[in-house]
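Here's a quick tour of the charged pairs and a greasy spot on the outside of this protein. Have a look at the model, then read on.

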Amino acid sequence: MTGKRAAQLLRAGSDPLAPASAEDRTTPLDIAREMTAPPGSAAAVLIRAAGSWSVDTHSFFPPELRARAIELLLFSYQLASSLGLPELPSVFLEVITPLAVCRPVAEAQPRSIRVTVRSMVHAELTIVIETSAPLRVLLDAYAAKFGLDKHALSLSLDGRLVRPTDTASGLKLSRTRDEPAVLHHVRVRA
């Protein structure tokens, strides 16, 4: 990857501190720091861009954050003018704006999720699965619990057929703290 492409991705909102996965907490910045980073390389761009907002890192932030920085600095000039405090823009530039203009922190994704399978024919089954596990594990568990042929079962979610290879994270299944995610209607094929 080129430095130019890395800068484009950062401006588009890519997070240099986002872990690769829930299991692998390595970030792009970690990888960049391990590399030799010649000027202009993707690694050099990541290392430079990963810091707090500053005049030097401004161009690596997404448009909405760059706009926020500009608004704050314009406000600081207006406020300085109305209060007669010519040093105020410097305080905004060096202290306030870096604290106010931050990349969003990626939420850690849960590694497991409690899922309930409901059927109109059989009782429901609630199990905990890894969010990265194929939903075939639900079919296997449901078939074993009720003595059914797992190849004759299928799942649907909100009226759409769910493939056995789909995952909870891929389907963006979520749950509240106390309620499981629910897959409805196990259909038994004849």
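Is arginine 163 buried or exposed? Arginine 163 counts as exposed, at 54% relative accessibility. Keep in mind that this is a predicted model.

**Salt bridges**

Side chains of opposite charge can pair when their charged atoms come close. The structure holds three salt bridges, listed here with the distance between the closest N and O atoms:

| Basic residue | Acidic residue | Closest N and O atoms |
|---|---|---|
| Arginine 118 | Glutamate 124 | 2.7 Å |
| Arginine 163 | Aspartate 166 | 2.8 Å |
| Lysine 150 | Aspartate 140 | 3.7 Å |

Arginine 163 has aspartate 166 as its partner. Aspartate 166 is buried, since its relative accessible area is 11%, and the cut-off for buried is under 20%.

Next up is the pair of lysine 150 and aspartate 140. Lysine 150 sits in the loop between helix H6 (136–146) and strand S3 (153–157), while aspartate 140 belongs to helix H6, so the pair ties together parts that are 10 residues apart in sequence. Lysine 150 is partly exposed at 39% relative accessible area, and aspartate 140 is partly exposed too, at 29%.

As for arginine 118 and glutamate 124, arginine 118 is partly exposed with a relative accessible area of 34%, and glutamate 124 is likewise partly exposed at 43%.

**The nonpolar patch**

Away from the charges, Val91, Val95, Ile96 and Leu99 make up a nonpolar surface patch, together offering about 330 Å² of accessible area. One of them, isoleucine 96, is found in helix H5 (residues 88–100). Isoleucine 96 is partly exposed, at 31% relative accessible area, so it clears the patch cut-off of over 30%.

How values were computed:
Residues numbered from 1 in each chain as written. Predicted model: local features only at pLDDT ≥ 70, side-chain atom pairs only at ≥ 80, totals over all residues. Heavy atoms only, no water. Patch = residues over 30% accessible without salt bridge, like charges linked within 9 Å, V, L, I, M, F, W, Y side chains within 5 Å. Areas by Shrake-Rupley, 256 points an atom, 1.4 Å probe, with all protein chains shown as cover. Salt bridge = Lys/Arg side-chain N within 4 Å of Asp/Glu carboxyl O. Helix = DSSP H or I, 4+ residues; strand = E, 2+ residues; numbered from the N terminus. Buried < 20%, exposed > 50% of the residue type's maximum accessible area, 1.4 Å probe, protein only.
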